[in-house]
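User: Could you walk me through some of the terms used for this structure? I'd like to see how each label is earned.

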Amino acid sequence: MAEMRTGHLEDALFEAREIACTVNGKLYRAMAEPRRLLSDFIREDLDLKGTHVGCEHGVCGACTILFNGQPARSCLMFAVQADGAEIVTVEGLARSPQQLTRLQESFSQEHALQCGYCTPGMLISATALLSENPSPTDSEVRHAMAGQLCRCTGYEQIVRAVLAAADSDGKGGEGGNHA
Amino acid sequence: MDLYRVEDRRLLTGHGTFLDDLSTVPNVHHAAILRSPYPHARIRNIDASKALAMEGVDAVLTGRDVAKMSRPFASALPRQAAYYSLAVDKARFVGEPIAVVVAKDRYLAEDALALIDVDYEQLPAVVDPEQAVIDPDAPILHEDVGTNVALHRTLRYGDPEEAFRQADVVVKRRLRFPKYGSTPLETFGVVAAWNAAEDTLTIWSNFHGPFSMHPVVAQALGIPSNKLRFIVPGDIGGGFGIKTSIYPYLALIGLASRFSGVPVKWIEDRQENLMASSSGTDRVSEVELAAANDGTILGVRMKIYDNVGGYFRPPEPGCTFRPLGNYVGGYSFRNLDVDAYIVFTNKSLTGPNRGYGCPHLYFGLERVVDEMAHKLGLDPAEVRRRNLIPKAAFPYRTPTGGLYDAGDYEACLDTLLETADYEGLRRMQADARQHGRLVGIGFAFGVDPSVSNMGYVDIAATPEERKRRRPKSGATQGTTIQVDDLGKVTVEISTTPQGQSHETMVRRHIAQELGIPEVDITVISGMDTATRSWTIPSGSYSSRFASIGISSAVVTARKVLEKLGRIAAHQLEADPSDVEYVDGNFRVKGAPERSLAFRHAAGIAHWDPASLPPGTDPGIYVTHFHTMPTALPPDDEDRVNSSNTYGFMADLCLVEVDRETGEVEVKKYWGVHDSGVILDHKIAEGQIQGSFVHGLGGAMYEEMAYDEDGAFLTGTFMDYLCPTFLEVPPLETRYVETPSPFTVLGSKGIGESATETVPACIANAVTDALRPLGIEVNELPVTPTKVWNWLQQAQSEA
Ligand code: FES
Ligand code: FES
């Protein structure tokens with residue numbers, strides 16, 4: 001309504017801007033209102049539904065993506081901040097659903113997912129960990145992933161899966177080996 | 001590479017279909033819900049004109065509209081304490097829905113909330129269930145009820161008075177069990193589309209059953225049940241019972257769609273979820289135990305105040321009565337007295353939450369068992385052994401009407417003591433105590449009920465009231481199998497799973513039954529009440545799958561094979577009894593060259609009805625609804641077999657309390673489970689680990705907390721503390737597998753197990769640690785602040 005949109009601040013909030021970013025190796029150009037959350041942008045505007053939202057206040061980690069190579073919570077960022085960025089979401093981890101990464105395979109083998117809702121964030125966060133630290137210890141895995149909540153598994157199987165992916169070739173997983 | 005579960009590939013690659021991922025219908029608008037900031041307030045007026053004037057806003061729905069367009073939800077309180085999907089006259093808890101904005105998108109809908117003016121008259125609030133009942137000055141929530149007691153039932157089994165008269169020792173404790181919920185990582189989500197041309201309402205949601213809520217919603221909306229269609233996607237992001245309580249929102253968003261004339265979507269946010277979705281009850285209780293000098297339990301008395309919050313939302317009072325058949329746990333005492341109050345207060349509403357009523361039950365029972373052992377100077381393990389129901393007594397009828405199918409409780413105890421090296425732990429504890437360390441060892445045992453009997457809900461009524469109603473019974477689950485003309489199989493399950501691996505397990509067992517490769521079978525989860533088979537108890541709750549769900553799938557497969565066998569026999573010109581099924585082929589016994597492949601038999605059913613045996617219908621499409629003959633209505637003595645299979649867990653844990661900080665460290669936890677035949681150890685282990693961490697959360701971290709004026713204190717995940725990777729202690733599990741005689745594969749539910757005993761076990765262990773200081777843990781969660789205060793107090797008293 002008119003009275004809500006008079007001030008400069010409101011204008012700045014509502015006026016959509018064009019942004020360009022690379023997601024899973026593909027260049028996207030799209031319009032986004034300045035207040036649009038990056039998580040909504042990815043899910044609704046790019047139709048990449050693999051990134052999940054569990055709290056929208058930065059605690060659960062379900063919305064974690066790789067943002068210029070670093071894990072980031074897409075619910076705490078605005079879409080416009082992604083202008084020029086390189087993003088990887090869970091859809092971009094495996095070359096195809098038939099060719100999973102070692103980390104994804106070990107998640108399945110260790111039964112590290114039940115409902116699968118936290119799984120995209122877990123995989124992204126573990127991928128980031130393994131690319132920084134290919135052979136983490138049990139405690140390093142726990143600390144690195146302490147910001148990811150899972151309400152189903154009770155975590156142990158996830159720790160095992162990450163360690164198994166790291167151990168499998170003796171020097172760390174290939175989870176980060178996407179595009 | 002083969003993955004462990006069929007569900008995994010889609011979930012690992014971002015291709016699951018959760019509610020918020022669905023494309024439902026075009027032109028979906030969005031709802032945002034205005035919620036009460038006050039625990040108790042009269043709604044004098046709602047002015048939505050500014051919101052309605054906002055560009056992009058379609059409609060604002062208020063309690064007045066809802067009261068016109070719908071009826072209160074049916075419950076055990078037929079004409080009182082009306083509960084609608086929006087507050088009508090008063091708000092009765094912080095977060096109660098007051099109005100719904102429908103707008104073009106979610107951002108606009110949320111903006112519009114700020115423009116609604118509500119004129120509230122604040123009223124005093126009460127949050128403690130005991131105070132709400134006994135304090136004459138406590139505000140009354142529902143004037144038409146006239147008291148805050150929603151329901152009061154006294155139940156008496158055996159001769160409790162005599163038991164207490166004969167007792168050598170009596171222990172009695174007051175206990176407080178906290179309000180917490182499993183907070184599934186995926187919140188509630190609903191899309192509703194009212195079709196004005198056809199007068200139908202289609203609702204997509206992540207509801208996981210029981211589908212007894214379908215008629216409840218239809219009646220509330222005043223629409224014929226066959227015009228109301230529930231659709232549930234194949235993936236649900238965790239449930240744990242919580243998503244049963246989504247149904248008021250199915251009605252609300254359905255009304256919003258009807259009212260605004262557009263399809264409406266609502267995705268609950270986490271703040272809404274924490275303040276207003278659902279949780280277990282908080283319970284204040286007094287538990288009293290009578291025992292003989294040798295530790296034999298003679299009888300138990302329980303006085304219970306269960307806090308259901310501002311309204312009575314079915315399936316409550318399941319918090320109190322769902323475990324009725326297993327109120328005695330694993331023990332053989334026969335005398336029990338229950339005085340149960342189900343109470344309204346200004347807290348959010350409750351419902352099923354993993355373990356539904358059992359964590360509360362065992363916290364009470366196992367605390368007093370330990371105190372009795374302590375008072376008699378007996379070892380808590382030995383006291384428990386003395387009272388366990390012996391293996392030879394199964395099937396065992398409990399005094400409250402439970403029919404325990406099978407179990408070897410003593411073997412569980414033996415395995416537990418051996419695995420944990422109990423004697424070694426006690427020596428270690430003695431040594432640690434000498435050095436001034438506060439080390440404790442705790443036990444908790446419990447019977448884990450699965451597959452609730454629809455009949456238990458009638459315990460809310462007295463036997464006289466029940467006589468005037470139609471009885472309820474049963475625990476049905478259905479499966480549909482179709483075999484196409486090429487012998488490929490599609491299975492529809494009605495268990496609406498939320499991560500429990502039903503597709504994997506059904507596919508595996510149907511492949512075994514049909515003698516065909518697993519890849520030839522596709523399992524469809526989710527639900528569509530308009531096109532698929534379902535019935536009142538359908539869904540996933542009460543650990544139904546491993547008992548009734550898989551039984552239903554296996555028996556359906558056997559019916560399919562039986563039909564194909566008849567077709568094959570006719571084709572082979574043999575009597576069906578002379579035909580055997582080997583390696584995917586039907587063949588005449590003794591003449592293996594006369595054979596017909598599975599897929600050829602299926603092909604005949606589709607392509608060549610003329611070759612079917614007389615009286616056989618074409619096609620292969622078999623639905624079988626499986627129930628439990630043991631699921632009967634309550635009897636006149638208030639006895640009911642409230643569940644249908646009963647597992648057992650024997651838990652032990654080792655803790656240490658930090659004298660300086662009050663912090664409790666669970667150093668190790670052991671659990672021995674007898675849940676019948678384990679169908680898949682990896683998946684069972686996952687269920688136990690998950691339920692262990694839910695129990696741990698309730699025991700140590702999680703609480704939906706209110707101040708005494710009713711303000712809500714834990715509205716974000718920064719305040720409501722879910723355990724993370726760093727809080728989970730090592731758990732070691734063992735299995736004793738006593739087959740259930742009541743299920744097709746001898747299996748039982750296991751998904752709720754540990755969550756029921758962990759709070760009691762940790763309380764007992766921390767009490768044991770603090771014994772030298774005379775401190776007992778009779779309330780949870782055992783947060784560092786609480787323990788530190790106890791330590792300070794003990795010190796100042798010393
Ligand atoms: S949704 Fe972003 S951290 Fe929870
Ligand atoms: S698998 Fe369900 S939240 Fe992690």
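Analyst: Happy to! Two strands pair if DSSP finds at least two bridges between them. Helices (H or I, at least four residues) and strands (E, at least two) are DSSP runs, numbered from the N terminus. This is a predicted model, where local features need pLDDT of at least 70 and side-chain atom pairs count only at pLDDT 80 or more. Residues are numbered from 1 along each chain as its sequence is written, and chains are lettered from A in the order in which they are written.

User: How do you know that β27 and β28 of chain B pair?

Analyst: Strand β27 (residues 645–657) and strand β28 (residues 664–674) of chain B share 10 bridges, in the antiparallel sense, and at least two are required, so they pair. Within these strands, B:Met649 stands opposite B:His673.

User: What makes β18 and β29 of chain B edge strands?

Analyst: In chain B, the open sheet runs β18-β27-β28-β29 with mixed pairing. Both β18 (438–450) and β29 (731–735) pair on one side only.

User: Why is α17(B) called roughly perpendicular to α18(B)?

Analyst: Axes are lines fitted to C-alpha atoms, for helices over the stretch in contact (heavy atoms within 4.5 Å), and angles run from 0 to 180 degrees between N-to-C directions. The axes of α17 (residues 545–571) and α18 (residues 598–607) of chain B cross at roughly 85° and come within 9 Å. Angles of 65 to 115 degrees count as roughly perpendicular, so α17(B) earns that label against α18(B).

User: Which residues of α17(B) make the contact?

Analyst: They are B:Leu561, B:Leu564, B:Ile567 and B:Gln571.

Conventions:
Heavy atoms only, no water. Parallel < 35°, antiparallel > 145°, perpendicular 65-115°, else oblique.
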